[in-house]
Amino acid sequence: MKFGGTSVEDAAAIDRSCGIVGERICRKPFVVVSALGGATNGLLEAGTLAARGEIAKAMTIADRLEYRHAELLPSTGEHFVRLRELLKALGAIGEFSPRTQDLIASYGEALSSLIFVDRIKRLGYNAVHIDARQCLVTDDRFGKAVPIMDVTSSRLEQAARSHLDSGQVAVMGGYIGATLGGTTTTLGRGGSDYSAAIVGAALNAEEIQIWTDVDGMMTSDPRVVNSVWKVKEISFDEASELAYFGAKVLHPLTVLPAVEKNIPVYILNSRKPKGTGTRITREARPCRNPIKSIACKRGITVVTVSSSRMLMAHGFLRALFEVFDRHHTSVDMVATSEVSVSLTLDNVSSLDVIVSDLRQLGDVEVSSSKALICLVGNNLKYTPGIARRAFGGLPDINILMVSQGASNINFSFLIDEKDANSAIQKLHADFFNEVDPEVFEPAG
Ligand code: ADP
Ligand code: ASP
Ligand code: MG
């Protein structure tokens, strides 16, 4: 059972989440918690300010975070002595490396998990704290660490199995882990979902429950469209495609461990624990609507390389993709013509070096502030009329790139970011004007 930031944002939310766990005690729950809502952002902001020399501002954030945590569990106050030392050291060094970012961010989950154990014990349940940095072992790609599953599985098994069998609730912080050498790492923003799936797979859980602030996977982001529907059931493939293309409700890697062990994943609302949520399983049930949900990834950059050397030549694309490989940057969408290639990126941390390497191959153009809109549904590749229906409803929006047919469940296209909300609202109104009651349910 994973509880996200809003499900542990304050005493009331934590008690509500503890109550949900308590009602399922006979199923031997293993709980994974996120940092208190907003804490990770606060910690990273404090680190950034400190490294910029703005120590006073960084300390103000640390004070506020200490107050919030210590109010819930006074002993967490001790940890802020070390956090302040770290912030001061950042000020002296003037640099906030990915490794230190992970260390600073780890305070969020390290502390929220201690708070959760304390609360659930006070409610009368037996509980044990599992230290993620002792169990979730990863490589050293800071900020996006990859779990080493065999070591992680045996450590989790050893740390938790006997406690679970004796009726104790195991509670671990999500998002964080450590290398074999013990250096703190994180799985990437939103990574607590992934932690929960890793634990579920490691311990062969019956199911993985992601408790959050919405009723389930919706037909679009409810912050963008207010008339969304809940999707009752969706396949692993569809859910991971949506997560990858911006449906923040699920971290994109969450379904991987679940697929391997075929463990169903549920997305549930911790404010409405009686709800049935969204069930994610191997097979999607047949659906009369061609589209299940619309996702959107913003802040996309397009890089276009044009070169007459590409004309009738082989090896050009290899050379081009090698540049992205060399700089560990993944590409989301590609379009090619006779003499040019356009690619989209969401990570621009190495853009300068990438562009300079690409200039060896041809003329390079860069354009930012784009949005990828992604329609996900079953069998889209073989359903006539999807493109006509999508674009027909957007006569005034300029379509910059299109991807269709690469996968059978994804139809996506690129537009200016400023057009994104209006495009999603129009698409939603058209594709979900009528819905299959077997698959969709009113939200709320
Ligand atoms: P948590 O802190 O519980 O992990 P997140 O903020 O990471 O929660 O994810 C939940 C949010 O994801 C929702 O509040 C919603 O705004 C957003 N979201 C985006 N796309 C979708 C979607 N298709 N279905 C449901 N929620 C979505
Ligand atoms: N607290 C982390 C974040 O804000 C991880 C998570 O919430 O899943 O990114
Ligand atoms: Mg999340």
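Right after helix α11 comes H328, a residue with a positive phi, near 50°. That's one stop on a quick tour of this structure, which is a predicted model. We'll look at the helix before H328, then at the two ligands, and finally at a handful of single residues.

**Helix α11 and its surroundings**

- Helix α11 covers residues 316-326, and its buried residues are F316, L320, V323 and F324.
- Look down the axis of α11 and those buried residues fall within an arc of 95°, so they line one face of the helix.
- There's a simple pattern behind this sort of thing: an α-helix has 3.6 residues a turn, so residues three or four places apart point the same way.
- Which exposed residues sit on the face of α11 turned away from its buried side? They are R318 and D325.
- The cover over the buried residues of α11 includes three strands, β13 (293-306), β14 (331-336) and β15 (340-345), along with helix α12 (351-358).

**Ligand 1**

- Ligand 1 has 17 residues around it, and the closest are T212, M218, D221, R223 and K248.
- Sorted by class, that shell is made up of six nonpolar, six polar and five charged residues.
- T212 brings a polar side-chain atom to 2.7 Å from an oxygen atom of ligand 1.
- K248 has a side-chain N or O atom 2.9 Å from an oxygen atom of ligand 1.
- K2 does something along those lines too, with an N or O atom of its side chain 3.0 Å from an oxygen atom of the ligand.
- How much of ligand 1 does the protein bury? Taken alone, ligand 1 exposes 570 Å², and the protein buries 90% of that.

**Ligand 2**

- Around ligand 2 you'll find S34, A35, T40, E109, Y175, R189, G190, G191 and S192.
- By class, this shell splits into two nonpolar, five polar and two charged residues.
- R189 places a polar side-chain atom 2.6 Å from an oxygen atom of ligand 2.
- For S34, a polar side-chain atom lies 3.1 Å from an oxygen atom of ligand 2.
- G191 takes part through its backbone: one of its polar backbone atoms is 3.4 Å from an oxygen atom of ligand 2.
- On its own, ligand 2 exposes 260 Å², of which the protein buries 84%.

**Residues with a positive phi**

- Some background first: most residues other than glycine have a negative phi.
- N262 isn't a glycine, yet its phi is positive, near 50°.
- Where is N262 found? Its place is the loop between α10 (255-261) and β11 (265-269).
- With a relative accessibility of 38%, N262 counts as partly exposed.
- S369 is another non-glycine residue with a positive phi, in this case near 60°.
- S369 belongs to strand β16, which spans residues 363-376.
- Its relative accessibility is 44%, so S369 counts as partly exposed.

**Two buried residues in helices**

- S17 sits in helix α1 (residues 11-22).
- Is S17 buried or exposed? It has 0% relative accessibility, so it counts as buried.
- Setting aside neighbours within four places in sequence, S17 is in contact with F3, S7, F116 and S270.
- H428 is part of helix α14.
- At 3% relative accessibility, H428 counts as buried, because the cut-off for that is under 20%.
- The side chain of H428 makes a polar contact of 2.6 Å with the side chain of T219.
- Beyond its neighbours within four places in sequence, H428 has contacts including V225, W229, I294 and N433.

**E438, a loop residue**

- E438 lies in the loop between α14 (420-431) and β19 (440-442).
- At 47% relative accessibility, E438 counts as partly exposed.
- Apart from neighbours within four places in sequence, E438 is in contact with K232 and R285.
- How far apart are E438 and T301 in space? From C-alpha to C-alpha they are 38 Å apart, with their positions 137 residues apart in sequence numbering.

Note on methods: Residues are numbered from 1 along each chain as its sequence is written. Chains are lettered from A and ligands numbered from 1 in the order in which they are written. This is a predicted model: local features need pLDDT of at least 70, side-chain atom pairs count only at pLDDT 80 or more; totals for chains, interfaces and linings use all residues. Side-chain values use heavy atoms; hydrogens and water are left out. Buried means under 20% relative accessible area, exposed over 50%, partly exposed in between (1.4 Å probe, protein chains only). Helices (H or I, at least four residues) and strands (E, at least two) are DSSP runs, numbered from the N terminus. The arc is that of the directions from the helix axis to the C-beta atoms. Contact means heavy atoms within 4.5 Å. A residue is near a molecule or strand if one of its heavy atoms lies within 4 Å of it. A polar contact is a pair of N or O atoms within 3.5 Å; within protein, one must be able to donate a hydrogen and the other to accept it, and residues adjacent in sequence count only if both atoms are side-chain atoms. Accessible areas come from the Shrake-Rupley method with a 1.4 Å probe; for residues, only the protein chains shown count as cover. Ala, Val, Leu, Ile, Met, Phe, Trp, Tyr, Cys and Pro count as nonpolar, Asp, Glu, Lys and Arg as charged, and the others, Gly among them, as polar.
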